[in-house]
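Please find below a note for a colleague who is meeting this structure for the first time. The points are numbered so that each may be checked against the model in turn.

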Amino acid sequence: MADPKKLFVKTYGCQMNVYDSERMSEALAGEGYVATDTAEDADLILLNTCHIREKAAEKVYSELGRYKELKAARPDLRIGVAGCVAQAEGEEILRRQPLVDLVVGPQSYHRLPDLVGQARGGARAVDTDFPEEDKFARMGSRPKAARGPTAFLTVQEGCDKFCAFCVVPYTRGAEMSRPVAQVMSEARDLVERGVREITLLGQNVNAYHGAGPGGDWSLARLIRGLAEIDGLERIRFTTSHPNDMDDDLIAAHGDCDKLMPYLHLPVQAGSDRILKRMNRNHTADSYLRVIERLRAARPDLHLSGDFIVGFPEETEADFQATLDLIAAVEYGSAFSFKYSTRPGTPAAERDQVPEDVKAERLQRLQALLSRQQRALQDAMVGREVGVLFEKPGRMPGQMVGKSDYLHAVHVADAQGTVAPGDLRRVRITASGPNSLTGALV
Ligand code: 5AD
Ligand code: SF4
């Protein structure tokens, strides 16, 4: 038998890309490709790219530049660009970077084996359509090999919200939801393969409305359905929009034991003037009311958010309103960014905030967020939490897992009684810079 061909995939950006990379690797396994960790020995390099901010997109071109010598030494090497840069730039990538053999958008992954075939035959292939057919149905079922205790499962893609700063509605297209039966069967398969925790993914996951028995199912209904799968211990979901947090989803945080007490609910800014210019369609107050209701349902809920500083026309007073909102919420974790101009989005045309002002605001915002994050983490000391163990720690006789609230937790286990995939009660004894330490109860 001929040696298997080697595939090197490099993933940028969000968790949805992590999921997509897995699915692309699986699809190419059917064509005889096995994964490798280094570009140097690969027959096919795939960059699964992110277009959300300017820097993310630029990274792709600088990475491609590094493959020049590899390709000169090995003319059989094929290089592909997938993901949101592929979608946004299409054929432009081929013009700008002659090393690239194929470009495939996120809605066309089911056509990847075909495109790779064309590229191996010497053609330069591009597919950035938004095809009618369901790519998930076309990709078929996933392999049965055993896997780790946690997995992502994309249930929804695309976005119809058109926030004024964001490329997602253009790169990922209109909102679509996978049918309930497809999601359920993929989840059951994952659990059979050893998965104990599933994170449901979507650019707007709480807008999920997949076709199911008796009509469209909401995300809350899907979560309750998934919670009935024996062996599935934990469910999470990300990313959500405040306007799609319906009553049932809020209630599920109180009455569905498998739904973890952690929610990523981006608000982006705290000033109503800026929220309006961002086309967010909610106010700071309506966001805070959603959080109040969530906390009434689940008092120990940890919140996480996304923030943009220096959105066009943001004044110091607007920025102060963001700091006030953060102070009111008390986040367990957060992601914050300087506004980055994205060509083709409405905000790109407006009066920009100077770079040094953005940088200074980001620093102040991140200082407040890290104080909050640390305070909430320190408050875990003395408490008992569930921990899903994932792997051995760096020290001998140590295991690492994630708490219900998504903190990394280290536990001493000299006897080796804990295995990856075990969900155990742990008493937290100490809080360090990036993780907690605890003892098995
Ligand atoms: N500039 C900066 N941050 C952005 N995000 C999306 N678009 C931009 C942009 N143009 C951030 C938002 C979003 C997260 C995924 O990325 O905070 O929630
Ligand atoms: Fe982008 Fe707004 Fe849609 Fe989120 S809700 S993907 S920020 S347009």
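1. The side chain of Arg-350 reaches the backbone oxygen of Arg-277 at a distance of 2.9 Å. In this predicted model, Arg-350 belongs to the loop between β16 (333–338) and α15 (355–378). Arg-350 is partly exposed, with a relative accessible area of 27%. Leaving aside neighbours within four places in sequence, Arg-350 is in contact with Ala-164, Arg-277, Phe-311, Pro-312 and Glu-313. The last of these contacts, Glu-313, is 37 residues from Arg-350 in sequence, yet the two C-alpha atoms are 7.7 Å apart in space.

2. A second arginine, Arg-142, is placed in the loop between α7 (135–139) and β7 (150–154). Is Arg-142 buried or exposed? Its relative accessible area is 8%, under the 20% limit, and Arg-142 is therefore classed as buried. Two acidic partners deserve attention here. The side chain of Arg-142 is joined to that of Glu-22 by a polar contact of 2.8 Å, and to the side chain of Glu-186 by a polar contact of 2.9 Å. Not counting residues up to four places away in sequence, Arg-142 touches Tyr-19, Glu-22, Arg-23, Glu-26, Arg-147, Phe-152, Glu-186, Leu-190 and Arg-193.

3. Glu-63 is part of helix α2 (residues 54–65). Glu-63 is buried, at a relative accessible area of 6%. Beyond neighbours within four places in sequence, Glu-63 is in contact with Lys-10, Tyr-12 and Leu-47.

4. The next point concerns a helix. Why can α10 (residues 219–226) be described as largely enclosed by the rest of the structure? Six of its eight residues are buried, so the description follows. The buried residues of α10 are Leu-219, Ala-220, Leu-222, Ile-223, Gly-225 and Leu-226. Their cover includes α9, β10 (197–201), β12, β13 (234–238) and α11 (247–255).

5. Strand β12, which takes part in that cover, also has a strand partner. Strands β11 (residues 209–212) and β12 (residues 215–218) pair in the antiparallel sense, with four bridges. Within this pairing, His-209 has Ser-218 of β12 as its bridge partner, and Gly-210 stands opposite Trp-217 in β12. The two strands form a hairpin with two residues between them, and Gly-214 in the turn has a positive phi of about 85°.

6. Turning to the interior, the largest nonpolar core has 67 residues, of which Leu-200, Leu-226 and Tyr-331 touch the most other members. Helix α9 (residues 180–192) supplies the largest share of this core, six residues. Apart from this core lies another, of 24 residues, with Phe-8, Val-60, Ile-79 and Leu-99 among them. As a general tendency, nonpolar side chains in soluble globular proteins are buried together.

7. Tyr-331, one of the core residues that touch the most other members, merits a separate remark. Not counting residues up to four places away in sequence, Tyr-331 touches Val-267, Tyr-287, Leu-303, Ser-304, Gly-305, Phe-307, Leu-325, Ile-326, Leu-369, Gln-372, Gln-373 and Leu-376.

8. Ligand 1 is surrounded by Ile-52, Arg-53, Phe-165, Gln-268, Asp-306, Ile-308, Phe-337, Lys-338, Tyr-339, Ser-340 and Arg-342. Which atoms of the protein come into polar contact with ligand 1? A side-chain N or O atom of Arg-53 is 2.9 Å from an oxygen atom of ligand 1. An oxygen atom of ligand 1 also lies 2.6 Å from a polar side-chain atom of Gln-268. The backbone takes part through Ser-340, where an N or O atom lies 2.8 Å from a nitrogen atom of the ligand.

9. The residues around ligand 2 are Cys-159, Lys-161, Phe-162, Cys-163, Phe-165, Cys-166, Val-168, Pro-169, Asn-204, His-241 and Arg-280. By class, this shell comprises seven nonpolar, two polar and two charged residues. Phe-165 is listed around ligand 2 and is also listed around ligand 1.

Definitions and conventions. Residues are numbered from 1 along each chain as its sequence is written. Chains are lettered from A and ligands numbered from 1 in the order in which they are written. This is a predicted model: local features need pLDDT of at least 70, side-chain atom pairs count only at pLDDT 80 or more; totals for chains, interfaces and linings use all residues. Side-chain values use heavy atoms; hydrogens and water are left out. A residue is near a molecule or strand if one of its heavy atoms lies within 4 Å of it. Ala, Val, Leu, Ile, Met, Phe, Trp, Tyr, Cys and Pro count as nonpolar, Asp, Glu, Lys and Arg as charged, and the others, Gly among them, as polar. Two strands pair if DSSP finds at least two bridges between them. A nonpolar core is a set of buried Ala, Val, Leu, Ile, Met, Phe, Trp, Tyr and Cys residues joined through side-chain atoms within 4.5 Å. Buried means under 20% relative accessible area, exposed over 50%, partly exposed in between (1.4 Å probe, protein chains only). Contact means heavy atoms within 4.5 Å. A polar contact is a pair of N or O atoms within 3.5 Å; within protein, one must be able to donate a hydrogen and the other to accept it, and residues adjacent in sequence count only if both atoms are side-chain atoms.
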